[in-house]
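Let's take a walk through this one from the inside out. Have a look at the model first, then read on.

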Amino acid sequence: NQMALQGNGREGIALFEQALNLLRERAERPGIAALLEDQAVIYSQQGDYKSSEDRLHRSLLIRIWMLDRPGTQKSLHQLQQLYQSRGEEEQSESIRQWLTTIERRDKVDWIGLKQMLQVPFYGAVVEESSSRIPEK
């Protein structure tokens, strides 16, 4: 990861794609999420904020699917920084509220978090009578 982050942007992205392919073959979701977060850093450094946001959303989908509080917190923090750097205060504030919930160790509405991202949810099954997914 460090070599890719320090190298040429295109070379770095190519190295990440190779690493992602290996991790996907092994279905190593934590590693995939971490690489997507690192790849988002490269895109941000290149000024490609749309690709950076896409990688962070993909990372968050994985983190949410795993009900991974620390990883979700990390991805949300990066996403909040991205929104702040672009002056998107409404999105930044929404992310901040989710971060506060996670940091306080409150019960997380994982489906609500996914809906905030406006992407399909491919995670844990939810009982019909409950809008919350049980914590780990």
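**Starting from the core**

The largest nonpolar core holds 17 residues, and those with the most contacts inside it are Leu76, Leu79, Ile95, Trp110 and Leu113. Helices α4, α5, α6 and α7 are the elements that each give two or more residues to this core. Bear in mind that this is a predicted model.

Zoom in on Leu76. Setting aside neighbours within four places in sequence, Leu76 is in contact with Leu60, Ile95, Trp98, Leu99, Ile102, Leu113 and Met116. There's also a second, separate core of ten residues, with Leu23, Leu35, Ile62 and Met66 among them.

Now for α7, which spans residues 110-117. Six of its eight residues are buried, so the helix is largely enclosed by the rest of the structure. The buried ones are Trp110, Ile111, Gly112, Leu113, Lys114 and Leu117, so yes, a lysine is on that list. The cover over these buried residues includes α4, α5 and α6 (89-103). Just after α7, Gln118 takes a positive phi of about 60 degrees.

Gln118 has company on that side of the Ramachandran plot: Leu67 has a positive phi of about 55 degrees, although it is not a glycine. You'll find Leu67 in the loop between α4 (49-65) and α5 (69-85). With a relative accessibility of 13%, Leu67 counts as buried, because the cut-off is under 20%.

What about the rings? The count of aromatic pairs comes to zero. Trp65 does have a charge for a partner, though: the charged end of Arg29 sits over its ring, 4.1 Å from the centre.

Notes
Residues numbered from 1 in each chain as written. Predicted model: local features only at pLDDT ≥ 70, side-chain atom pairs only at ≥ 80, totals over all residues. Heavy atoms only, no water. Helix = DSSP H or I, 4+ residues; strand = E, 2+ residues; numbered from the N terminus. Buried < 20%, exposed > 50% of the residue type's maximum accessible area, 1.4 Å probe, protein only. Phe/Tyr/Trp six-rings, centres within 6.5 Å; stacked < 30°, edge-to-face > 60°. Lys NZ or Arg CZ within 6 Å of the ring centre and 35° of its normal. Contact = heavy atoms within 4.5 Å. Core = buried A, V, L, I, M, F, W, Y, C linked by side-chain atoms within 4.5 Å.
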